[in-house]
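Grab a coffee and work through these exercises with the viewer open. Try each task yourself before you read its solution.

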Amino acid sequence: MTYRKDDGIGTVYLVGAGPGDPDLITVKGLKLLRRADVVLFDRLASDELLNEARPDAELIDVGKTPYRASISQDEINALLVEKAQAGLTVVRLKGGDPFVFGRGGEEALACYAAGVRFEVVPGVSSAIAAPAYAGIPVTHRHMSTGFTVFTGHEDPNKDETSVDYEALARVGTLVLMMGLGKLAKISERLQAAGLAPETPAVCIEWASTDQQRVIEGTLATIAALVSEAGFESPATTVIGAVAALPQQGLRWFKDHEIEICS
Ligand SMILES: C[S@@+](CC[C@H](N)C(=O)[O-])C[C@H]1O[C@@H](n2cnc3c(N)ncnc32)[C@H](O)[C@@H]1O
């Protein structure tokens, strides 16, 4: 494995931090975090990971909470460029994988436009890790030959939604990220598009951390169960036959609260 020499020209590293458990960052991501002059981090970055930064590193919180941006994306892009142009090694630490609903592409484009060197260090995305921590393989022989990750951020009733619910209802496993508050509407849309109400569905909150909670239900019941339990972001929902596998013996992550609703 090779790393850039410190040649006085700054580089921006878009580093995936993994889904929550700090041990799930990649070795490369951790090495870069330990070398960085500046670390820009998100809401989901754990203190344990931030403690890996050099004591003299500048740590900048650019976290946004859902529906409330504390710092705009343009400001984050400008900061990345400014720090790198000052000759600094910049780590942009992002939850999960930087290129999965992480706006990492926009940050990389901003670097490119400014002539700033950048590298992408992929991370373990919660799109796969959250199901895994609930005992759900997103593909499984004879059950699901593929999976689709989509966002619940968009209003499923708006005319111009780019989410094709009819197409989603026909494919294998569905992994829904963000937009927990729209789960009821999304479930309705999927059922209206032909997905059976009894399709297994599981929602995982704070996957891979000691706060992890899991609710197992069906497409028809999951939204109400999640709302009753007071689930909040970050949470990921898996819909499809594979979401029945935890009940068949795949629950392996023991230290979490679980509600089983058939
Ligand atoms: C802005 S997206 C970022 C996704 C991230 N780039 C990734 O690859 O995991 C945030 C969404 O990721 C999901 N998410 C992130 N961390 C999670 C976790 N520990 N448990 C469950 N879902 C998580 C939730 O759906 C959350 O709303």
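**Exercise 1: the ligand shell**

Sort the residues of the shell around the ligand into nonpolar, polar and charged, then see which domains they come from.

*Solution.* Start with the sorting: the shell holds 11 nonpolar residues, six polar ones and one charged one. Keep in mind that you're looking at a predicted model. Next, pick out the residues that come nearest: of the 18 around the ligand, these are Val100, Ser125, Ser126, Ala235 and Thr236. Finally, check the domains. Domain 1 (11-121) and domain 2 (126-260) each give at least three residues to the shell.

**Exercise 2: polar contacts and cover**

Find the atoms of aspartate 97, valine 100 and serine 125 that sit opposite N or O atoms of the ligand, and then work out how much of the ligand the protein covers.

*Solution.* A polar contact needs a pair of N or O atoms within 3.5 Å, so let's check the candidates one by one.

1. Aspartate 97 puts a backbone N or O atom 2.9 Å from a ligand nitrogen.
2. Valine 100 also uses its backbone: one of its polar atoms there is 2.6 Å from a nitrogen atom of the ligand.
3. Serine 125 uses its side chain, with a polar atom 2.8 Å from an oxygen atom of the ligand.

As for cover, the ligand on its own has 570 Å² of accessible area, and the protein covers 88% of that.

**Exercise 3: strand S8 and its partners**

Decide whether strand S8 (residues 200-205) is mostly covered or mostly open, then find the strands it pairs with.

*Solution.* Count the buried residues first: six of six, so S8 is mostly covered, taking buried as under 20% relative accessible area. Now look at each face. Pro200, Val202 and Ile204 are buried on one side, and Ala201, Cys203 and Glu205 are buried on the other.

Then follow the pairing. S8 runs antiparallel to strand S9 (residues 213-218), with six bridges joining them; valine 202 faces glutamate 216 there. Strand S10 (residues 235-239) is also antiparallel to S8, over five bridges, and here cysteine 203 stands opposite threonine 237.

**Exercise 4: a serine in a loop**

Place serine 144, and say why it counts as buried or exposed.

*Solution.* Serine 144 lies in the loop that links helix H5 (126-133) to strand S6 (147-151). Serine 144 counts as buried because its relative accessibility is 6%. To finish, trace its side chain: it reaches the backbone oxygen of glycine 146 at 2.8 Å.

Key: Residues numbered from 1 in each chain as written. Predicted model: local features only at pLDDT ≥ 70, side-chain atom pairs only at ≥ 80, totals over all residues. Heavy atoms only, no water. Buried < 20%, exposed > 50% of the residue type's maximum accessible area, 1.4 Å probe, protein only. Helix = DSSP H or I, 4+ residues; strand = E, 2+ residues; numbered from the N terminus. Pairing = 2+ DSSP bridges. Near = heavy atom within 4 Å. Polar contact = N/O pair within 3.5 Å; in protein donor to acceptor, adjacent residues only side chain to side chain. Areas by Shrake-Rupley, 256 points an atom, 1.4 Å probe, with all protein chains shown as cover. Nonpolar A, V, L, I, M, F, W, Y, C, P; charged D, E, K, R; others polar. Domains from an automatic or database assignment.
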